[in-house]
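Good morning, and thank you for coming. Please look at the structure on the screen while I describe some of its parts.

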Amino acid sequence: MRFEVWTREISRLNVDCLVAGVFEGGELPDETRQIDKASGGRIAALTQRGDFAARNGDTLLVTDLPGLRAKRVLLVGQGARASLSRKLWRRSVFAAVSAIARTRIGSAAFALARPASSDLDDYWLARATAEITAAALYRVNDLKSGKKPRPAALARVLAGPVSASGAAAARRGFTHGAAVGVGIHALRNLANLPSNVCTPSYLANAARGLAKRHPKSMRVRVLDERAIRRERMGCFLAVTQGSEEPPRFIVLEHRGGKAGSAPVVLVGKGITFDTGGISLKDPPAMDEMKFDMSGAATVIAALTVVSELDLPLNVVGLVPTCENMPSGRAIKPGDIVTSASGQTVEILNTDAEGRLILCDALHYARRFKPAAVVDIATLTGACVVALGAHHSGVMANDDSLAHELVESGRRSDDRAWQLPLTDDYADQLKSNFADMANVAGRDGGAITAGAFLGKYTKGMKWAHMDIAGTAYLSGAQKGSTGRPISLLSEFLIQRAAR
Ligand code: BES
Ligand code: MN
Ligand code: ZN
(Lines give C-alpha, C1' and ligand atoms only; values in the text may rest on other atoms or scores of the structure.)
(Ligands and ions follow the chains in the order given, each with its own letter.)
Protein backbone atom coordinates (compact mmCIF):
# COMPACT_ATOMS: atom_id res chain seq x y z
CA MET A 1 0.00 0.00 0.00
CA ARG A 2 1.31 3.43 -0.93
CA PHE A 3 0.30 6.40 1.21
CA GLU A 4 0.61 10.00 0.08
CA VAL A 5 -0.71 13.38 1.11
CA TRP A 6 -2.73 15.58 -1.16
CA THR A 7 -2.50 19.36 -1.05
CA ARG A 8 -3.77 20.57 -4.41
CA GLU A 9 -7.28 21.30 -5.48
CA ILE A 10 -9.29 18.13 -5.00
CA SER A 11 -11.18 18.22 -8.29
CA ARG A 12 -7.85 17.94 -10.15
CA LEU A 13 -6.57 14.86 -8.29
CA ASN A 14 -5.73 12.00 -10.60
CA VAL A 15 -7.12 9.02 -8.66
CA ASP A 16 -9.81 6.40 -9.22
CA CYS A 17 -12.01 7.73 -6.46
CA LEU A 18 -12.53 10.75 -4.25
CA VAL A 19 -13.82 9.98 -0.77
CA ALA A 20 -16.02 12.86 0.34
CA GLY A 21 -17.84 13.44 3.60
CA VAL A 22 -21.48 14.49 3.93
CA PHE A 23 -23.13 15.62 7.16
CA GLU A 24 -26.58 14.58 8.21
CA GLY A 25 -29.12 17.09 6.94
CA GLY A 26 -27.18 17.47 3.70
CA GLU A 27 -24.60 19.98 4.91
CA LEU A 28 -21.33 19.57 2.99
CA PRO A 29 -17.84 19.92 4.49
CA ASP A 30 -15.43 22.28 2.67
CA GLU A 31 -13.75 19.68 0.47
CA THR A 32 -17.04 18.12 -0.55
CA ARG A 33 -18.32 21.60 -1.42
CA GLN A 34 -15.36 21.99 -3.77
CA ILE A 35 -16.15 18.69 -5.44
CA ASP A 36 -19.81 19.68 -5.64
CA LYS A 37 -18.95 23.01 -7.21
CA ALA A 38 -16.60 21.47 -9.78
CA SER A 39 -19.30 18.98 -10.76
CA GLY A 40 -22.02 21.57 -11.17
CA GLY A 41 -23.89 20.91 -7.95
CA ARG A 42 -24.55 17.23 -8.50
CA ILE A 43 -23.82 16.20 -4.91
CA ALA A 44 -26.02 18.89 -3.38
CA ALA A 45 -28.78 17.85 -5.77
CA LEU A 46 -28.43 14.26 -4.68
CA THR A 47 -28.54 14.99 -0.95
CA GLN A 48 -31.43 17.44 -1.34
CA ARG A 49 -33.43 14.74 -3.05
CA GLY A 50 -33.05 12.82 0.19
CA ASP A 51 -31.34 9.79 -1.30
CA PHE A 52 -28.43 9.82 1.15
CA ALA A 53 -29.14 10.06 4.85
CA ALA A 54 -25.43 10.54 5.74
CA ARG A 55 -25.62 8.68 9.02
CA ASN A 56 -22.08 8.10 10.22
CA GLY A 57 -20.65 5.23 8.18
CA ASP A 58 -23.25 5.28 5.37
CA THR A 59 -21.63 5.15 1.94
CA LEU A 60 -22.83 5.77 -1.60
CA LEU A 61 -20.71 5.40 -4.73
CA VAL A 62 -21.52 7.84 -7.54
CA THR A 63 -19.76 7.74 -10.87
CA ASP A 64 -18.88 9.96 -13.80
CA LEU A 65 -19.54 13.31 -12.21
CA PRO A 66 -18.56 16.09 -14.60
CA GLY A 67 -15.70 18.46 -13.83
CA LEU A 68 -13.55 15.96 -11.93
CA ARG A 69 -10.53 13.97 -12.98
CA ALA A 70 -11.61 11.10 -10.72
CA LYS A 71 -14.22 8.83 -12.30
CA ARG A 72 -15.86 8.02 -8.99
CA VAL A 73 -16.85 9.77 -5.79
CA LEU A 74 -17.61 7.78 -2.67
CA LEU A 75 -19.93 9.78 -0.46
CA VAL A 76 -19.43 8.93 3.20
CA GLY A 77 -21.91 9.86 5.90
CA GLN A 78 -20.26 11.60 8.83
CA GLY A 79 -23.38 12.05 10.97
CA ALA A 80 -24.29 15.40 12.48
CA ARG A 81 -21.48 17.97 12.25
CA ALA A 82 -21.81 18.91 15.92
CA SER A 83 -21.28 15.34 17.14
CA LEU A 84 -18.29 14.48 14.93
CA SER A 85 -15.70 12.91 17.24
CA ARG A 86 -12.42 11.10 16.71
CA LYS A 87 -14.23 7.83 17.17
CA LEU A 88 -16.88 8.67 14.57
CA TRP A 89 -14.21 9.98 12.21
CA ARG A 90 -12.35 6.68 12.52
CA ARG A 91 -15.57 4.79 11.87
CA SER A 92 -16.28 6.76 8.72
CA VAL A 93 -12.77 6.07 7.39
CA PHE A 94 -13.24 2.38 8.18
CA ALA A 95 -16.60 2.32 6.40
CA ALA A 96 -15.09 4.04 3.36
CA VAL A 97 -12.18 1.60 3.05
CA SER A 98 -14.56 -1.34 3.52
CA ALA A 99 -16.80 -0.04 0.72
CA ILE A 100 -13.80 0.55 -1.56
CA ALA A 101 -12.52 -2.95 -0.88
CA ARG A 102 -15.63 -4.34 -2.57
CA THR A 103 -14.85 -2.46 -5.82
CA ARG A 104 -12.04 -2.36 -8.37
CA ILE A 105 -10.88 1.04 -7.10
CA GLY A 106 -7.08 1.07 -7.02
CA SER A 107 -6.42 4.57 -5.72
CA ALA A 108 -8.49 6.83 -3.50
CA ALA A 109 -8.08 10.34 -2.09
CA PHE A 110 -9.66 10.82 1.32
CA ALA A 111 -11.24 14.18 2.04
CA LEU A 112 -13.39 13.53 5.08
CA ALA A 113 -14.14 16.27 7.59
CA ARG A 114 -11.92 16.05 10.65
CA PRO A 115 -13.27 16.61 14.15
CA ALA A 116 -12.55 20.10 15.40
CA SER A 117 -10.35 18.94 18.27
CA SER A 118 -6.81 19.96 17.52
CA ASP A 119 -5.26 16.64 18.50
CA LEU A 120 -6.12 15.13 15.11
CA ASP A 121 -3.22 16.98 13.50
CA ASP A 122 -1.54 16.08 10.21
CA TYR A 123 0.62 13.40 11.84
CA TRP A 124 -2.41 11.70 13.38
CA LEU A 125 -4.52 12.10 10.26
CA ALA A 126 -1.90 10.16 8.32
CA ARG A 127 -1.11 7.65 11.06
CA ALA A 128 -4.75 6.84 11.73
CA THR A 129 -5.59 6.66 8.02
CA ALA A 130 -2.84 4.08 7.50
CA GLU A 131 -3.83 2.05 10.58
CA ILE A 132 -7.53 2.07 9.75
CA THR A 133 -6.86 1.16 6.12
CA ALA A 134 -4.87 -1.87 7.23
CA ALA A 135 -7.54 -2.88 9.74
CA ALA A 136 -10.35 -2.53 7.20
CA LEU A 137 -8.48 -4.54 4.55
CA TYR A 138 -7.72 -7.38 6.96
CA ARG A 139 -9.19 -10.68 5.85
CA VAL A 140 -9.28 -13.49 8.35
CA ASN A 141 -6.90 -16.33 7.56
CA ASP A 142 -9.82 -18.77 7.64
CA LEU A 143 -9.60 -22.46 6.89
CA LYS A 144 -12.68 -22.53 4.68
CA SER A 145 -12.22 -24.76 1.66
CA GLY A 146 -14.21 -22.62 -0.80
CA LYS A 147 -12.71 -20.07 -3.16
CA LYS A 148 -11.22 -17.04 -1.42
CA PRO A 149 -12.81 -13.68 -2.26
CA ARG A 150 -10.48 -11.70 -4.48
CA PRO A 151 -8.29 -9.26 -2.61
CA ALA A 152 -9.09 -5.54 -2.69
CA ALA A 153 -7.57 -3.62 -5.59
CA LEU A 154 -6.78 -0.61 -3.41
CA ALA A 155 -3.04 0.04 -3.57
CA ARG A 156 -2.71 3.81 -3.19
CA VAL A 157 -4.31 5.99 -0.53
CA LEU A 158 -4.08 9.77 -0.38
CA ALA A 159 -5.00 11.64 2.76
CA GLY A 160 -5.58 15.35 3.10
CA PRO A 161 -5.84 18.17 2.76
CA VAL A 162 -2.43 18.68 4.29
CA SER A 163 -0.65 22.02 4.15
CA ALA A 164 2.91 22.20 2.82
CA SER A 165 4.17 22.68 6.37
CA GLY A 166 2.37 19.55 7.58
CA ALA A 167 3.57 17.23 4.83
CA ALA A 168 6.65 15.98 6.66
CA ALA A 169 4.66 15.19 9.80
CA ALA A 170 2.06 13.40 7.69
CA ARG A 171 4.71 11.33 5.98
CA ARG A 172 6.04 10.28 9.37
CA GLY A 173 2.48 9.41 10.35
CA PHE A 174 2.08 7.18 7.29
CA THR A 175 5.33 5.37 8.02
CA HIS A 176 4.31 4.73 11.61
CA GLY A 177 0.73 3.85 10.71
CA ALA A 178 1.75 1.43 7.98
CA ALA A 179 4.09 -0.38 10.38
CA VAL A 180 1.35 -0.57 13.00
CA GLY A 181 -0.87 -1.95 10.23
CA VAL A 182 1.62 -4.75 9.61
CA GLY A 183 1.57 -5.41 13.36
CA ILE A 184 -2.24 -5.50 13.45
CA HIS A 185 -2.24 -8.13 10.70
CA ALA A 186 0.49 -10.18 12.37
CA LEU A 187 -1.37 -10.16 15.70
CA ARG A 188 -4.78 -10.99 14.27
CA ASN A 189 -3.42 -13.74 12.02
CA LEU A 190 -1.78 -15.48 14.96
CA ALA A 191 -4.61 -14.98 17.44
CA ASN A 192 -7.34 -16.16 15.06
CA LEU A 193 -5.67 -19.50 14.38
CA PRO A 194 -7.11 -22.54 16.15
CA SER A 195 -5.08 -24.15 18.89
CA ASN A 196 -4.39 -27.28 16.86
CA VAL A 197 -2.51 -25.09 14.36
CA CYS A 198 -1.19 -22.34 16.60
CA THR A 199 0.76 -24.43 19.12
CA PRO A 200 3.63 -23.19 21.27
CA SER A 201 6.04 -24.48 18.60
CA TYR A 202 4.10 -22.57 15.94
CA LEU A 203 4.50 -19.35 17.92
CA ALA A 204 8.21 -20.08 18.30
CA ASN A 205 8.50 -20.53 14.53
CA ALA A 206 6.66 -17.25 13.96
CA ALA A 207 9.22 -15.55 16.20
CA ARG A 208 12.08 -17.25 14.34
CA GLY A 209 10.63 -16.11 11.02
CA LEU A 210 10.46 -12.54 12.27
CA ALA A 211 14.08 -12.63 13.43
CA LYS A 212 15.15 -14.06 10.08
CA ARG A 213 13.56 -11.12 8.26
CA HIS A 214 15.61 -8.70 10.39
CA PRO A 215 18.95 -10.45 10.81
CA LYS A 216 20.84 -7.25 11.72
CA SER A 217 18.67 -6.01 14.55
CA MET A 218 16.79 -9.05 15.83
CA ARG A 219 17.83 -12.10 17.81
CA VAL A 220 15.71 -15.00 18.89
CA ARG A 221 16.21 -17.80 21.39
CA VAL A 222 13.70 -20.54 22.05
CA LEU A 223 13.87 -22.54 25.26
CA ASP A 224 12.45 -26.07 25.14
CA GLU A 225 11.19 -27.97 28.15
CA ARG A 226 14.67 -29.00 29.28
CA ALA A 227 15.94 -25.43 29.13
CA ILE A 228 12.81 -24.22 30.94
CA ARG A 229 13.56 -26.77 33.65
CA ARG A 230 17.12 -25.46 33.92
CA GLU A 231 15.64 -22.02 34.57
CA ARG A 232 13.66 -23.60 37.44
CA MET A 233 10.39 -22.17 36.15
CA GLY A 234 8.31 -24.37 38.43
CA CYS A 235 5.07 -22.44 37.98
CA PHE A 236 5.29 -22.48 34.18
CA LEU A 237 6.13 -26.20 34.25
CA ALA A 238 3.18 -26.88 36.53
CA VAL A 239 0.79 -25.44 33.94
CA THR A 240 2.26 -27.35 31.00
CA GLN A 241 2.63 -30.70 32.77
CA GLY A 242 -0.86 -31.89 31.84
CA SER A 243 -0.34 -31.44 28.09
CA GLU A 244 1.10 -33.63 25.36
CA GLU A 245 2.00 -30.50 23.39
CA PRO A 246 5.50 -29.32 24.40
CA PRO A 247 5.95 -25.82 25.91
CA ARG A 248 8.25 -23.11 24.61
CA PHE A 249 9.80 -20.00 26.14
CA ILE A 250 10.54 -17.44 23.42
CA VAL A 251 13.08 -14.63 23.80
CA LEU A 252 13.08 -11.99 21.04
CA GLU A 253 15.55 -9.11 21.17
CA HIS A 254 15.50 -5.99 19.04
CA ARG A 255 18.78 -4.10 19.34
CA GLY A 256 18.03 -0.64 18.08
CA GLY A 257 19.20 1.49 20.97
CA LYS A 258 22.68 2.18 22.26
CA ALA A 259 24.54 -0.97 23.26
CA GLY A 260 23.96 -1.55 26.93
CA SER A 261 21.07 0.89 27.29
CA ALA A 262 18.30 -0.56 29.41
CA PRO A 263 15.62 -2.26 27.29
CA VAL A 264 11.86 -2.22 27.49
CA VAL A 265 10.80 -5.81 28.18
CA LEU A 266 7.40 -6.97 26.93
CA VAL A 267 5.97 -10.20 28.33
CA GLY A 268 3.02 -11.92 26.64
CA LYS A 269 0.74 -14.65 27.96
CA GLY A 270 0.88 -17.50 25.45
CA ILE A 271 -1.70 -20.05 26.55
CA THR A 272 -2.56 -21.55 23.15
CA PHE A 273 -5.63 -23.15 24.68
CA ASP A 274 -7.08 -22.72 28.16
CA THR A 275 -9.43 -25.54 29.19
CA GLY A 276 -9.04 -24.49 32.82
CA GLY A 277 -7.16 -27.72 33.57
CA ILE A 278 -8.58 -29.87 36.39
CA SER A 279 -10.61 -26.78 37.42
CA LEU A 280 -12.29 -27.31 34.05
CA LYS A 281 -14.17 -24.45 32.41
CA ASP A 282 -17.84 -24.64 31.37
CA PRO A 283 -18.38 -25.67 27.75
CA PRO A 284 -20.13 -22.49 26.48
CA ALA A 285 -17.69 -20.35 24.49
CA MET A 286 -14.72 -22.49 25.54
CA ASP A 287 -13.54 -22.33 21.91
CA GLU A 288 -12.71 -18.68 22.57
CA MET A 289 -9.91 -19.83 24.83
CA LYS A 290 -7.85 -20.29 21.65
CA PHE A 291 -7.48 -16.49 22.00
CA ASP A 292 -5.70 -16.97 25.33
CA MET A 293 -2.39 -16.42 23.52
CA SER A 294 -3.38 -12.91 22.41
CA GLY A 295 -0.79 -11.38 24.75
CA ALA A 296 1.92 -13.52 23.14
CA ALA A 297 0.75 -12.52 19.66
CA THR A 298 0.78 -8.88 20.78
CA VAL A 299 4.40 -9.17 21.88
CA ILE A 300 5.47 -10.80 18.60
CA ALA A 301 3.48 -8.16 16.67
CA ALA A 302 4.98 -5.31 18.72
CA LEU A 303 8.47 -6.55 17.87
CA THR A 304 7.34 -6.69 14.25
CA VAL A 305 6.39 -2.99 14.42
CA VAL A 306 9.61 -2.10 16.22
CA SER A 307 11.74 -3.83 13.60
CA GLU A 308 9.67 -2.52 10.65
CA LEU A 309 10.46 0.98 11.94
CA ASP A 310 13.91 0.02 13.16
CA LEU A 311 13.18 2.06 16.29
CA PRO A 312 16.28 3.33 18.11
CA LEU A 313 15.34 1.47 21.27
CA ASN A 314 16.27 -1.84 22.84
CA VAL A 315 13.20 -4.03 23.18
CA VAL A 316 12.99 -7.58 24.52
CA GLY A 317 9.94 -9.80 24.00
CA LEU A 318 9.37 -12.73 26.35
CA VAL A 319 6.70 -15.32 25.60
CA PRO A 320 6.02 -18.27 27.89
CA THR A 321 3.71 -20.50 25.86
CA CYS A 322 1.92 -23.79 26.54
CA GLU A 323 -1.53 -25.33 26.79
CA ASN A 324 -3.63 -25.62 29.97
CA MET A 325 -5.08 -29.15 29.91
CA PRO A 326 -6.60 -31.64 32.34
CA SER A 327 -5.01 -35.07 32.34
CA GLY A 328 -3.62 -37.78 34.62
CA ARG A 329 -0.43 -35.77 34.83
CA ALA A 330 -2.06 -32.37 35.32
CA ILE A 331 -1.55 -30.22 38.43
CA LYS A 332 -4.38 -30.47 40.95
CA PRO A 333 -5.92 -27.91 43.28
CA GLY A 334 -3.84 -27.69 46.44
CA ASP A 335 -0.57 -28.65 44.74
CA ILE A 336 2.37 -26.48 45.74
CA VAL A 337 5.15 -25.55 43.33
CA THR A 338 8.25 -23.36 43.45
CA SER A 339 8.56 -20.44 41.05
CA ALA A 340 11.81 -19.37 39.40
CA SER A 341 12.01 -16.58 41.98
CA GLY A 342 12.09 -19.18 44.78
CA GLN A 343 8.69 -18.19 46.15
CA THR A 344 6.26 -21.09 46.60
CA VAL A 345 2.72 -21.07 45.25
CA GLU A 346 -0.31 -23.08 46.30
CA ILE A 347 -2.34 -23.67 43.16
CA LEU A 348 -5.89 -23.51 44.44
CA ASN A 349 -7.45 -23.11 41.01
CA THR A 350 -5.76 -24.55 37.93
CA ASP A 351 -7.75 -22.12 35.76
CA ALA A 352 -5.70 -19.22 37.15
CA GLU A 353 -2.82 -20.40 34.97
CA GLY A 354 -1.89 -17.19 33.20
CA ARG A 355 -0.31 -15.66 36.28
CA LEU A 356 1.67 -18.88 36.79
CA ILE A 357 3.40 -18.76 33.43
CA LEU A 358 3.82 -14.98 33.65
CA CYS A 359 5.42 -14.91 37.10
CA ASP A 360 8.33 -17.04 35.87
CA ALA A 361 8.67 -14.92 32.72
CA LEU A 362 8.65 -11.72 34.80
CA HIS A 363 11.40 -13.16 36.95
CA TYR A 364 13.37 -13.97 33.78
CA ALA A 365 12.98 -10.31 32.74
CA ARG A 366 15.23 -9.24 35.63
CA ARG A 367 18.43 -10.33 33.91
CA PHE A 368 17.90 -7.63 31.27
CA LYS A 369 17.99 -4.84 33.91
CA PRO A 370 14.98 -3.35 32.16
CA ALA A 371 14.00 0.31 31.99
CA ALA A 372 10.42 -0.93 32.13
CA VAL A 373 8.57 -4.24 32.00
CA VAL A 374 5.06 -4.47 30.54
CA ASP A 375 3.14 -7.73 30.51
CA ILE A 376 0.12 -8.22 28.28
CA ALA A 377 -2.38 -10.96 29.07
CA THR A 378 -5.95 -12.15 28.64
CA LEU A 379 -5.76 -12.69 32.36
CA THR A 380 -9.15 -12.46 34.03
CA GLY A 381 -12.87 -12.63 33.34
CA ALA A 382 -13.11 -10.13 36.20
CA CYS A 383 -11.46 -7.49 34.03
CA VAL A 384 -14.14 -8.05 31.40
CA VAL A 385 -16.76 -7.51 34.10
CA ALA A 386 -15.04 -4.34 35.28
CA LEU A 387 -14.20 -2.62 31.98
CA GLY A 388 -16.09 -4.48 29.28
CA ALA A 389 -14.71 -4.45 25.75
CA HIS A 390 -13.80 -0.76 25.70
CA HIS A 391 -10.77 -0.33 27.92
CA SER A 392 -7.86 -2.63 28.62
CA GLY A 393 -6.97 -2.76 32.32
CA VAL A 394 -3.66 -1.29 33.46
CA MET A 395 -2.07 -2.03 36.84
CA ALA A 396 1.41 -0.96 37.82
CA ASN A 397 3.89 -0.54 40.64
CA ASP A 398 4.90 2.75 39.03
CA ASP A 399 2.27 5.40 38.40
CA SER A 400 4.21 7.25 35.74
CA LEU A 401 4.55 4.06 33.68
CA ALA A 402 0.82 3.39 34.06
CA HIS A 403 0.12 6.94 33.00
CA GLU A 404 2.39 6.58 29.97
CA LEU A 405 0.44 3.53 28.83
CA VAL A 406 -2.97 5.10 29.44
CA GLU A 407 -1.89 8.22 27.52
CA SER A 408 -0.55 6.09 24.64
CA GLY A 409 -3.95 4.41 24.54
CA ARG A 410 -5.77 7.73 24.48
CA ARG A 411 -3.67 9.11 21.65
CA SER A 412 -3.98 5.96 19.55
CA ASP A 413 -7.69 5.44 20.30
CA ASP A 414 -6.84 2.06 21.78
CA ARG A 415 -7.87 2.94 25.26
CA ALA A 416 -6.83 1.62 28.64
CA TRP A 417 -7.81 2.41 32.21
CA GLN A 418 -5.77 2.18 35.38
CA LEU A 419 -6.99 0.06 38.29
CA PRO A 420 -5.65 0.59 41.83
CA LEU A 421 -2.95 -1.91 42.71
CA THR A 422 -2.61 -1.23 46.43
CA ASP A 423 -1.19 -3.66 49.03
CA ASP A 424 -4.69 -4.52 50.24
CA TYR A 425 -5.16 -6.78 47.26
CA ALA A 426 -1.90 -8.66 47.73
CA ASP A 427 -3.00 -9.52 51.29
CA GLN A 428 -5.92 -11.47 49.83
CA LEU A 429 -3.47 -14.02 48.35
CA LYS A 430 -2.42 -15.49 51.74
CA SER A 431 -2.04 -19.26 51.93
CA ASN A 432 -1.71 -21.49 54.99
CA PHE A 433 0.72 -23.79 53.20
CA ALA A 434 2.82 -21.74 50.75
CA ASP A 435 4.17 -18.21 50.27
CA MET A 436 1.01 -17.34 48.38
CA ALA A 437 -2.05 -18.83 46.72
CA ASN A 438 -2.69 -18.32 43.03
CA VAL A 439 -6.26 -17.06 43.58
CA ALA A 440 -8.01 -14.82 46.07
CA GLY A 441 -11.73 -15.23 45.61
CA ARG A 442 -14.05 -13.35 43.32
CA ASP A 443 -13.87 -9.79 44.62
CA GLY A 444 -11.46 -7.53 42.76
CA GLY A 445 -10.38 -10.49 40.64
CA ALA A 446 -8.60 -8.44 37.98
CA ILE A 447 -6.56 -6.65 40.63
CA THR A 448 -5.69 -9.67 42.78
CA ALA A 449 -4.31 -11.25 39.60
CA GLY A 450 -2.22 -8.11 39.11
CA ALA A 451 -1.18 -8.25 42.77
CA PHE A 452 0.03 -11.82 42.27
CA LEU A 453 2.29 -10.66 39.43
CA GLY A 454 3.41 -7.74 41.58
CA LYS A 455 5.11 -10.23 43.93
CA TYR A 456 7.55 -11.07 41.12
CA THR A 457 8.37 -7.57 39.90
CA LYS A 458 9.70 -5.87 43.05
CA GLY A 459 12.46 -3.42 42.17
CA MET A 460 11.56 -3.24 38.48
CA LYS A 461 9.32 -0.61 36.90
CA TRP A 462 6.46 -2.81 35.83
CA ALA A 463 2.96 -2.54 34.42
CA HIS A 464 0.41 -5.23 33.69
CA MET A 465 -2.20 -4.96 30.95
CA ASP A 466 -5.28 -7.17 31.19
CA ILE A 467 -6.69 -7.45 27.67
CA ALA A 468 -9.28 -10.19 28.36
CA GLY A 469 -12.09 -7.82 27.31
CA THR A 470 -10.40 -6.03 24.43
CA ALA A 471 -8.32 -8.65 22.57
CA TYR A 472 -11.15 -10.36 20.72
CA LEU A 473 -14.84 -10.17 19.95
CA SER A 474 -17.44 -12.89 20.53
CA GLY A 475 -20.63 -13.75 18.68
CA ALA A 476 -21.17 -13.04 14.99
CA GLN A 477 -18.05 -10.84 14.90
CA LYS A 478 -15.90 -13.44 16.60
CA GLY A 479 -12.22 -12.78 16.06
CA SER A 480 -9.12 -10.97 17.20
CA THR A 481 -9.42 -7.17 17.32
CA GLY A 482 -5.72 -6.41 16.92
CA ARG A 483 -5.71 -4.62 20.28
CA PRO A 484 -3.62 -3.40 22.06
CA ILE A 485 -1.00 -3.15 19.29
CA SER A 486 -1.77 0.50 18.50
CA LEU A 487 -1.36 1.45 22.16
CA LEU A 488 1.90 -0.44 22.56
CA SER A 489 3.32 0.85 19.29
CA GLU A 490 2.60 4.39 20.41
CA PHE A 491 4.24 3.66 23.77
CA LEU A 492 7.39 2.34 22.06
CA ILE A 493 7.52 5.09 19.41
CA GLN A 494 7.36 7.68 22.21
CA ARG A 495 10.04 5.88 24.23
CA ALA A 496 12.31 5.75 21.17
CA ALA A 497 11.86 9.49 20.63
CA ARG A 498 12.91 10.56 24.10
N1 BES B 1 -7.92 -16.98 30.23
C2 BES B 1 -8.72 -16.80 31.38
C3 BES B 1 -9.28 -15.40 31.51
C4 BES B 1 -10.35 -15.01 30.53
C5 BES B 1 -11.67 -15.18 30.84
C6 BES B 1 -10.01 -14.40 29.34
C7 BES B 1 -12.64 -14.78 29.95
C8 BES B 1 -10.98 -14.01 28.44
C9 BES B 1 -12.31 -14.19 28.77
C10 BES B 1 -7.90 -17.07 32.64
O11 BES B 1 -6.92 -18.03 32.52
C12 BES B 1 -8.85 -17.56 33.68
O13 BES B 1 -9.39 -18.61 33.51
N14 BES B 1 -9.03 -16.77 34.75
C15 BES B 1 -9.91 -17.12 35.79
C16 BES B 1 -9.25 -16.75 37.08
C17 BES B 1 -10.00 -17.25 38.28
C18 BES B 1 -9.92 -18.76 38.34
C19 BES B 1 -9.39 -16.64 39.50
C20 BES B 1 -11.21 -16.34 35.59
O21 BES B 1 -11.14 -15.16 35.17
O22 BES B 1 -12.26 -16.90 35.79
MN1 MN C 1 -7.63 -19.97 32.92
ZN1 ZN D 1 -6.16 -18.29 30.64
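**Two domains and the spaces around them**

I begin with one residue, Arg188, whose place is in helix H5. Please keep in mind that this is a predicted model. Is Arg188 buried or exposed? Its relative accessible area is 16%, and the limit for a buried residue is under 20%, so Arg188 counts as buried. Once residues up to four places away in sequence are set aside, Arg188 touches Ala135, Tyr138, Ser480, Thr481 and Gly482. Arg188 and Asn141 stand 47 residues apart along the chain, and 8.8 Å separates their C-alpha atoms.

Let us now step back to the whole chain. The domain assignment gives domain 1, residues 2–137, and domain 2, residues 181–497. The centres of these two domains, taken over C-alpha atoms, are separated by 39 Å. Their contact takes eight residues from domain 1 and 12 residues from domain 2.

This brings us to the pockets. Where does the largest pocket lie? Both domain 1 and domain 2 give residues to its lining, so the largest pocket lies between them. Its volume is about 1,700 Å³. Of the 45 residues that line it, Phe94, Ala135, Leu473, Thr481 and Arg483 lie nearest the centre. Two of these names, Ala135 and Thr481, were mentioned a moment ago as residues that Arg188 touches.

Which elements build this lining? Those that give two or more residues are helix H3 (86–101), helix H4 (122–137), helix H5 (167–192), strand E19 (472–473) and strand E20 (479–480). The most comes from H3, with seven residues. Sorted by class, the lining has 17 charged, 15 nonpolar and 13 polar residues.

The second largest pocket holds about 680 Å³ of space. Its lining has 31 residues, and those nearest its centre are Lys281, Asp351, Leu379, Thr380 and Gly381. At least two lining residues come from each of helix H10 (354–365), helix H11 (381–387) and helix H14 (445–454). H11 gives the most, with three residues. By class, there are 13 nonpolar, 10 charged and eight polar residues in this lining.

There is also enclosed space to consider. Rolling a probe the size of a water molecule over the atoms shows where empty space is left. The structure holds one cavity of 30 Å³ or more, and the volume of the largest cavity is about 50 Å³. Around it stand Trp89, Val93, Phe110, Ala111, Leu112, Leu125, Thr129, Ala159 and Gly160. H3, strand E5 (107–111) and H4 each supply at least two of these lining residues. Seven of the lining residues are nonpolar, two are polar and none is charged.

Gly160 deserves a second look, as the peptide bond from Gly160 to Pro161 is cis, with omega near 0°. Pro161 sits in the loop between strand E6 (156–159) and H5. Another cis peptide bond joins Arg483 to Pro484, with omega about 5°. Pro484 belongs to the loop between E20 and H15.

Helix H15, residues 485–497, contains Ser486. Ser486 has a relative accessible area of 9%, so it is buried. Apart from neighbours within four places in sequence, Ser486 is in contact with Arg127, Glu131, Val180, Ile184, Ser412 and Asp414.

I turn next to the nonpolar interior. Which residues touch the most other members of the largest nonpolar core? They are Leu252, Leu266 and Leu492, in a core of 59 residues. Helix H9, residues 294–308, supplies the largest share of this core, with nine residues. A second, separate core has 52 residues, including Ile357, Leu358, Leu379 and Leu387. Leu379 has already appeared among the residues nearest the centre of the second largest pocket.

Finally, two loop residues have a positive phi although neither is glycine. For Lys369, phi is near 45°. Lys369 lies in the loop between H10 and strand E14 (372–377), and it is exposed, with a relative accessible area of 66%. For Asp413, phi is near 55°. This residue is in the loop between helix H12 (399–411) and strand E16 (416–418). Asp413 is partly exposed, with a relative accessible area of 26%.

To close, I return to the main picture: the largest pocket lies between domain 1 and domain 2. Thank you for your attention.

Key. Residues are numbered from 1 along each chain as its sequence is written. Chains are lettered from A and ligands numbered from 1 in the order in which they are written. This is a predicted model: local features need pLDDT of at least 70, side-chain atom pairs count only at pLDDT 80 or more; totals for chains, interfaces and linings use all residues. Side-chain values use heavy atoms; hydrogens and water are left out. A nonpolar core is a set of buried Ala, Val, Leu, Ile, Met, Phe, Trp, Tyr and Cys residues joined through side-chain atoms within 4.5 Å. Buried means under 20% relative accessible area, exposed over 50%, partly exposed in between (1.4 Å probe, protein chains only). Helices (H or I, at least four residues) and strands (E, at least two) are DSSP runs, numbered from the N terminus. On a 1 Å grid over the protein atoms alone, a cavity is a set of points where a 1.4 Å probe fits but cannot get out, and a pocket is an open set with protein on both sides within 12 Å along at least five of seven lines; lining residues have an atom within 4 Å of a point. Grid points are joined across faces, edges and corners, and a volume is the space filled by probe spheres set on the points. Ala, Val, Leu, Ile, Met, Phe, Trp, Tyr, Cys and Pro count as nonpolar, Asp, Glu, Lys and Arg as charged, and the others, Gly among them, as polar. Domain bounds come from an automatic or database domain assignment. Contact means heavy atoms within 4.5 Å.
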